[in-house]
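Colleague: Before we discuss anything in detail, could you take me through how one reads a few features of a structure like this?

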Amino acid sequence: VSVRITPDPASRTEQTKVAIRCGSLYGGSAQGDLIPGDVMALNLTASGVNVDSLFSPVAGYPVLKGTLTGSASFTARSTSPAAFLSSLKGKGEALIEKGNLSLSRAKKEKNLAFSQLRVAFQGAGSRTQGTQPRYAYTGKWQGSLTTPAGQSSLDLTGALQFPTSGPFNLFADAVSASGKLSANGIEIYTLSLNTQANTLEAKELSGQLLTKDASASFTGSVSGTRLDANPAWDASLSVSTGNLRALLAQWGMLPSSLPQQALRQAQIKAKIRTDESILRLSELEGRVDDTRLAGQIEGTKGTPPHWTAKLRLGTLRLGDYLPASSKYAQPSTPWQTEWLRKVQLDGDLSVERLVIARIPHENLTVPVTIKNGRPHQGPCRWGNGGGRIARGGHCGRAARAIAVYAERRQCPDAVQGTGAGATAVRHGKP
């Protein structure tokens, strides 16, 4: 470390300038120019500094790792460390490369790896009052992050706060934000933030889900609790797309030989609750093509995961989803059903109006189970007021249409159940 004291050439008074040069600081180097006084001025630059060695002693755990390059220019009162932090005013920017950010104090494996993290700030600090005072820095914040999944940038206007003592936590109370997140095909444009200890709330969320040939837009809000241990997330989201087929094809979920009029568009909204053991979609409602849908879906952790569902459909024209004028002929490409082995499902599907060969059937209910990679269709019920069990007739024709289609798509024993259609398939009578 070298220190040089000279008169400050920029000062009209007899102030001195202290030039500090540190050739070795946590694996890097730093230099600064200090103008002493009741309110001191400081210009700093740093390069190649190991940020883990800087932040870990303050946070109490390795919250951030990487190599730091940055600069800052600010003024502050120098009477005490508390006075310094509460009166800090100026601007600065930092670049951290090849690092990771800890997402949970309790779980070391929950880290976000990144190649670049940029942060810039211009504003002023203060100290809040009360039994748990905080240092608050009000101004404009800018940040960008580059990870293996994608890129994001964020501009914040407001106060970011952290405690004056104890474990390190970052707080944002009603901070407005705008930015862009592009990660794994998701783009988010606007949001507002509000945080408390180990919580995060994002309102006015809007953005797009992008793939090579398709897109979907979404709006809503997200909140998270228990972020330090077992995070739980609640969301209210609305999603719409005008090219559902392309999205499903991108994810390998679009059956081949599906008619072009099927799965064109969708508008869905739901409340979502998820933690480490469960995913729940409630108050689900919307429309796929011309069919209204509503209900709820819940999945619990397991091998495979177990799902329960209750779905209610409006008018469903079955012919729109079967090969046109083919009499269920075998397609040239088998229907890939390997993904079914990763699913276990118990549910009820209700249809207000099922149209088969232009003949409508009212109030149909079908119990559906998927187990060991095979769908099972239970006894159907149709009619008003609970209806009656139907093993043929209205329900049988529906079961037969679905079952024969699955059979012809090279899924032996794919559909099992007690309906007339399923029985016919198992006995080779399509």
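Modeller: Let us begin with contacts, bearing in mind that this is a predicted model. Leaving aside residues up to four places away in sequence, leucine 88 touches Phe74, Thr75, Ala76, Gly123, Ala124, Gly125 and Tyr137.

Colleague: Where does leucine 88 lie with respect to α2 and β6?

Modeller: Leucine 88 sits in the loop between α2 (81-87) and β6 (89-102). As for a separation in space set beside one in sequence, the C-alpha atoms of leucine 88 and methionine 40 are 9.9 Å apart, while 48 residues separate the two along the chain.

Colleague: Turning to burial, why is strand β3 described as largely enclosed by the rest of the structure?

Modeller: A residue is called buried when its relative accessible area is under 20%. In strand β3, which spans residues 28-35, 6 of the 8 residues are buried, so the strand is largely enclosed by the rest of the structure.

Colleague: In which sense does β3 pair with strand β2, and over how many bridges?

Modeller: Strand β2 (residues 16-25) and β3 pair in the antiparallel sense over 6 bridges, and arginine 21 stands opposite glutamine 31 in β3. Their hairpin has 2 residues between the strands, and in that hairpin tyrosine 26 takes a positive phi near 50°.

Colleague: And how many bridges join β3 and strand β4?

Modeller: There are 7 bridges between β3 and strand β4 (residues 39-50), again in the antiparallel sense, with serine 29 standing opposite serine 47 in β4. The hairpin of β3 and β4 has 3 residues between the strands, and here glycine 37 adopts a positive phi near 155°.

Notes
Residues numbered from 1 in each chain as written. Predicted model: local features only at pLDDT ≥ 70, side-chain atom pairs only at ≥ 80, totals over all residues. Heavy atoms only, no water. Buried < 20%, exposed > 50% of the residue type's maximum accessible area, 1.4 Å probe, protein only. Helix = DSSP H or I, 4+ residues; strand = E, 2+ residues; numbered from the N terminus. Pairing = 2+ DSSP bridges. Contact = heavy atoms within 4.5 Å.
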